[in-house]
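Please look over the sequence and the model together before reading on. The text below is meant to be followed with both in view.

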Amino acid sequence: MTEANNSVYENSLNKNTLYIVATPIGNKDDISLRAIETLRSVDRIYAEDTRHSSVLLRHHGIATPTVSLHEHNEEQRTASVVAFLQEGGSAALISDAGTPLISDPGYRLVRGCIDADLAVCPIPGASALTAALCVSGLPTDRFQYVGFPPARETARAQWLSTLAALPHTLIMYEARHRILATLQAIEEVCGGERRACVARELTKRFETLHHGSIAQIRQSMSDDDMQLKGEFVIVLSGHQALEDEANMDKAKQALQILLPHMPIKVAVKCVVELLDVPRKPTYNLAVAMRNADSAD
Ligand code: SAM
């Protein structure tokens, strides 16, 4: 077990520690004060692409040496990073954008540090998935991040069919050259009326949010070539019927507790307000439950 030392929160740096530092997803100023301070203070920064990151680091006056750590050398680098930290060094891991390890390298390194009993400390910040989710207008109480869809058509359709019936919000990343094909595939597998939000170029100059049904979004994006350029997050609503069913299960549990203690109308009012379920089916359910009880 490793314990977070409180001094981290006072901005003094711990030795033998790997800091996982989130960097901006577009706007260079979307980085925390603590992230900047940490990046300035560690002995070295492991970066996915040192040239790419040098622009951000310069912008914030960070002169710490950088070492490359990317998907192709992570496995082999992990042992030397672990040795460096064990010898008393401190290091930060950053990726090209957003939060490391979120569809980015770092998992094997973090695992290696944990296995070696070294402290790993998160410095949280931007991620395209949370940025898109919070402006999607779709339910945020339960969601699943599913990464990038497979590139090949058949594999993508199969992958989507395993997700199509899930009741919660889905978040996926997509590259510019496949965005249209993926929206088309979602339309075919999940139905064109499924609600979605496509978030393009978040925090950048041409940030655009497309809200509506998948069919509407696919149509309006394919009508305008400009909308097919940039970086994309697709936020897709869950399967409505199953979502309703899951909510009605919760309503039933709540009614079981409330009905013995209050009039039907009061119990239904409480459940509708607390769980945000539709009134009529909840009332019908409550009547059926009370009738079943009195028949016993
Ligand atoms: N680690 C990053 C994060 O925390 O969001 C994700 C890295 S992943 C390799 C890159 C993908 O993230 C892009 O292809 C795109 O789908 C999404 N993405 C990154 N920045 C974005 C932005 N500014 N707007 C929309 N999507 C973005």
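The paragraphs below go through one strand and its partners, then the ligand, then a few single residues. The model is a predicted one.

Start with strand 1, which spans residues 17-21. This strand is mostly covered, and five of its five residues are buried. In a regular strand, side chains alternate between the two faces of the sheet. Strand 1 can be read in that way: T17, Y19 and V21 point to one side, while L18 and I20 point to the other. Residues on both sides are buried.

Which strands pair with strand 1? One is strand 4, made of residues 90-94, and the two run parallel with four bridges between them. In this pairing, L18 faces A91 of strand 4. The other is strand 5, residues 119-123, which is joined to strand 1 in the parallel sense by five bridges. Here I20 of strand 1 has P122 of strand 5 opposite.

The segment just ahead of this strand holds K15, which lies before strand 1. K15 counts as exposed because its relative accessibility is 58%, and the cut-off for exposed is over 50%. In contrast to K15, the residues of strand 1 are buried. K15 and S90 are 75 residues apart along the chain, yet their C-alpha atoms are separated by 5.0 Å. S90 belongs to the range of strand 4, residues 90-94.

Now turn to the ligand. Where does the ligand sit? It occupies the largest pocket. Strand 7 (169-174) and strand 10 (232-236) are the elements that give two or more residues to the shell around the ligand. In total, 19 residues surround the ligand, and the closest are D104, S127, A128, Y173 and F232.

Three distances describe polar atoms at the ligand. An oxygen atom of the ligand lies 2.6 Å from a polar backbone atom of F232. A ligand nitrogen atom is 3.1 Å from a backbone N or O atom of A97. With E231 the protein atom is in the side chain: one of its N or O atoms is 3.4 Å from a nitrogen atom of the ligand. The ligand on its own has 580 Å² of accessible area, and the protein covers 90% of that.

Two residues can be picked out by their backbone angles. Most residues other than glycine have a negative phi. D117 is not a glycine, but its phi is positive, at about 65°. It is placed in the loop between helix 4 (107-115) and strand 5. E201, also not a glycine, has a positive phi of about 55°. This residue is in the loop between strand 8 (195-200) and strand 9 (208-213).

Are these two residues buried or exposed? D117 is exposed, because its relative accessible area is 51% and the cut-off is over 50%. E201 is buried, because its relative accessibility is 15% and buried means under 20%.

A last loop residue is L69, found between strand 3 (66-68) and helix 3 (74-86). L69 counts as buried because its relative accessible area is 1%. The C-alpha atoms of L69 and T169 are separated by 32 Å, and the two residues are 100 apart along the chain. T169 falls in the range of strand 7 (169-174), one of the elements giving two or more residues to the ligand shell.

Notes
Residues numbered from 1 in each chain as written. Predicted model: local features only at pLDDT ≥ 70, side-chain atom pairs only at ≥ 80, totals over all residues. Heavy atoms only, no water. Buried < 20%, exposed > 50% of the residue type's maximum accessible area, 1.4 Å probe, protein only. Pairing = 2+ DSSP bridges. Near = heavy atom within 4 Å. Polar contact = N/O pair within 3.5 Å; in protein donor to acceptor, adjacent residues only side chain to side chain. Areas by Shrake-Rupley, 256 points an atom, 1.4 Å probe, with all protein chains shown as cover. 1 Å grid on protein atoms, 1.4 Å probe; cavity = no way out; pocket = protein on both sides within 12 Å on 5 of 7 lines; lining within 4 Å. Sits in = over half its atoms within 2 Å of the grid points.
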